[in-house]
Amino acid sequence: MSFDYKLQPHSTIPAPEGPLMVCILDGFGENEFKDEYNAVHVATTPTIDALRAVPKRFRTIKAHGTAVGLPSDADMGNSEVGHNALGSGQVVDQGARLVDMALETGKMFEGDGWKLISQAFSKHTVHFIGLLSDGGVHSRADQLFGCLRGAAARGAQRIRCHVLTDGRDVPDGSSVKYVEELEAVLAELREKGCDARIASGGGRMKVTMDRYEADWSMVKRGWDAHVLGKAPYTFTDAKTAVTTLRGPEDATVSDQYLDAFVIVDEAGAPVGTIEDGDAVVLFNFRADRMVEISKAFEYQDFTTFDRERYPVGLRFVGMMQYDGDLKLPANYLVPPPEILHVSGEFLVKNGITTFACSETQKFGHVTFFWNGNRSGYLDAKLEQYLEIPSDKIEFNKAPDMKAREITAASKEAILSGKYKVIRVNFANPDMVGHTGDLAATIRAVETVDACVKELLETVDQVNGRWIVTADHGNADDMVQRDKKGKPMKAEDGKPLPLTSHTLAPVPFFIGGKGLPDGVVLRDDVPDAGLANVASTTFNLLGYEAPGIYKPTMVQMAA
Ligand SMILES: O=C(O)[C@@H](CO)OP(=O)(O)O
Ligand SMILES: [Mn+2]
Ligand SMILES: [Mn+2]
């Protein structure tokens with residue numbers, strides 16, 4: 001029987017005259033630490049402050065851990081799982097957890113993806129490329145180690161690791177520690193007779209891990225280093241590479257931005273180029289930053305940059321399949337989560353029009369992730385997706401990013417009368433927060449507050465309704481803290497910046513001139529999280545929520 005997408009009118013909440021806007025403040029958490037390092041708290045935000053003061057129309061919701069399908073409540077939220085939950089109304093086991101289970105049960109080593117790479121075990125090299133940290137957003141080092149040990153135990157003769165340093169999901173400077181940990185595992189494999197080494201690397205924001213085609217030159221730098229063995233810097237070991245490229249203590253380069261490097265032998269030859277017949281594993285489970293490098297490996301006729309040499313007979317797999325529509329890559333180690341019946345499908349199947357907008361850095365978040373990791377339109381006749389090109393610089397240098405352009409385009413869409421749903425993502429609190437630059441992050445938050453004001457006023461002009469929320473924390477804590485929550489300082493007395501997301505819940509606001517006074521937040525869903533937003537969205541559009549979704553957070557007061 002085919003799934004029934006028909007939406008029923010809500011029993012008490014009437015449909016709005018104007019549109020419903022759903023506005024995501026990326027990386028804007030409601031943190032318990034309300035001190036000078038909380039950019040959300042410190043910033044001057046009259047709009048959001050006023051929203052917080054409206055009774056029964058503001059609450060916080062969970063945005064991390066098991067509430068968004070991550071392995072444990074120690075896992076911070078991120079955009080992928082956050083937007084998946086927001087857009088699908090459901091909590092599914094996410095990549096991190098699925099890989100954990102595949103390793104625990106040994107299923108990983110029985111699948112077709114593993115069979116493919118194992119063809120290279122006896123006579124060729126197996127390469128592992130990915131983000132080396134335990135951030136748990138894109139990858140986890142312990143999962144890499146599990147794969148490495150699994151390959152060596154099953155006969156891999158030669159292994160090469162190509163490591164992207166993090167400093168974004170984990171403290172900056174921790175790259176050295178992760179390289180040491182990996183070197184220890186590789187030494188253990190060498191003792192067992194497997195020739196295992198690190199071959200190349202670079203910082204995640206400079207090499208390989210571009211997303212949404214913001215800057216393909218990053219991917220080319222990765223290809224050159226990992227495949228061709230060409231990079232601006234060569235070293236004979238990875239720890240020296242990372243410590244040298246970070247530079248002197250008073251002028252360090254962040255782990256995120258380390259230049260590409262290649263490890264060479266005493267004669268200066270790269271130790272691990274990728275050759276005909278080799279196997280390549282991308283060990284990140286998260287999709288967005290693996291799609292471009294996957295295309296370079298997978299597509300014979302790839303022309304976006306000159307690969308110079310394309311190894312023949314590669315055995316190429318992703319940790320997961322990163323794009324189900326493109327079937328990219330064709331081979332993978334663990335099947336990705338299946339996210340079915342997302343809210344966008346209900347909308348288009350009921351003839352409801354949508355406008356979705358963000359800048360490049362978050363464009364796929366409000367489209368691809370929102371739609372359960374589907375690329376392209378669900379129905380091109382009913383939807384318009386607008387991407388505003390992001391700047392190609394470090395975002396603390398231009399913390400306004402493209403917020404004003406996004407606002408202008410969204411206002412136009414709201415006023416056009418063409419769309420019933422307007423979906424917007426402001427990247428600033430997250431992207432600037434990741435730089436660890438407190439002053440710039442405060443500015444980012446203030447800019448977004450001003451933009452939200454404009455959007456709310458525009459929605460009011462057309463008697464619409466709105467939801468303002470976020471996908472996870474980031475700007476709400478900009479300092480590393482000890483177990484008691486006390487800000488940590490470096491030896492020179494400077495605070496240690498926090499570049500990662502936080503575990504904080506996020507705000508959830510409803511309102512709008514077109515929202516009847518009686519529509520208020522329920523007080524009987526205290527544990528609600530991002531997955532409860534979709535039901536709420538349908539109610540505010542005047543429909544009952546689909547039965548398979550997490551419960552709504554609103555009701556019409558009696
Ligand atoms: O930049 C990214 O890739 C992640 C952090 O690793 O951030 P977000 O989940 O907000 O996209
Ligand atoms: Mn995000
Ligand atoms: Mn982020």
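Let's start with a proline: Pro-329 is found in the loop between β9 (315-320) and β10 (332-334). Keep in mind that this is a predicted model.

**Exercise 1.** Find out what kind of peptide bond joins Leu-328 and Pro-329, and what omega is.

*Solution.* Begin with the setting: the proline is in the loop that runs between β9 and β10. Now look at the bond itself. Leu-328 and Pro-329 are joined by a cis peptide bond, with omega at about -15°. As background, most peptide bonds are trans.

**Exercise 2.** Decide whether Gly-318 is buried or exposed, then list what this glycine touches beyond four places away in sequence.

*Solution.* First, place the residue: Gly-318 is in strand β9. Next, check its relative accessible area, which is 0%. The cut-off for buried is under 20%, so Gly-318 counts as buried. Now for the neighbours. Leaving out residues up to four places away in sequence, Gly-318 touches Leu-282, Pro-329, Asn-331, Tyr-332 and Leu-333. You've met one of these already: Pro-329, from the loop between β9 and β10. Finally, try a distance. Gly-318 and Phe-283 are 35 residues apart in sequence, and their C-alpha atoms are 6.4 Å apart in space.

**Exercise 3.** Work out where Gly-77 sits and how far Gly-77 is from Lys-115 in sequence and in space.

*Solution.* Start with the location: Gly-77 belongs to the loop between β2 (58-61) and α3 (79-88). This glycine has a relative accessible area of 0%, so Gly-77 is buried. Then look at its contacts, again skipping residues up to four places away in sequence: Gly-77 touches Ala-63, His-64, Leu-70, His-472, His-501 and Thr-502. Last step, the distance: Gly-77 and Lys-115 are 38 residues apart along the sequence and 33 Å apart from C-alpha to C-alpha.

**Exercise 4.** Look up phi for His-341 and for Asn-463, and say which loops hold them.

*Solution.* Here's the background first: most residues other than glycine have a negative phi. His-341 isn't a glycine, yet its phi is positive, at about 55°. You'll find His-341 in the loop between β10 and α11 (343-349). Asn-463 isn't a glycine either, and its phi is also positive at about 55°. Asn-463 sits in the loop between α15 (438-461) and β14 (465-469). One more step for Asn-463: its relative accessibility is 25%, so this residue counts as partly exposed.

**Exercise 5.** Describe how the protein chain is divided into domains and how far apart the domain centres are.

*Solution.* Take the division first: domain 1 covers 25-93 + 339-556, and domain 2 covers 96-334. Their centres, taken over C-alpha atoms, are separated by 31 Å. In the contact, 26 residues come from domain 1 and 28 residues from domain 2.

**Exercise 6.** Compare the radius of gyration of the protein chain with that of a compact globule, then describe the whole chain.

*Solution.* A compact globule of 558 residues would have a radius of gyration near 24 Å; the protein chain has 24 Å, so the two agree. Next, the box: along the principal axes, the C-alpha atoms fill roughly 75 × 65 × 40 Å. Inside that box the secondary structure comes to 16 helices and 17 strands. Buried residues make up 61% of the 558 residues. Then the contacts: among those between residues at least 6 apart in sequence, 79% join residues at least 24 apart. Finish with charge: there are 60 positive and 78 negative side chains, and the centres of the two sets lie 2 Å apart.

Conventions
Residues numbered from 1 in each chain as written. Chains lettered and ligands numbered in written order. Predicted model: local features only at pLDDT ≥ 70, side-chain atom pairs only at ≥ 80, totals over all residues. Heavy atoms only, no water. Helix = DSSP H or I, 4+ residues; strand = E, 2+ residues; numbered from the N terminus. Rg over C-alpha atoms; globule rule 2.2 N^0.38 Å. Buried < 20%, exposed > 50% of the residue type's maximum accessible area, 1.4 Å probe, protein only. Contact = heavy atoms within 4.5 Å. Lys, Arg positive; Asp, Glu negative; His and termini not counted. Charge placed at Lys NZ, Arg CZ, Asp CG, Glu CD. Domains from an automatic or database assignment.
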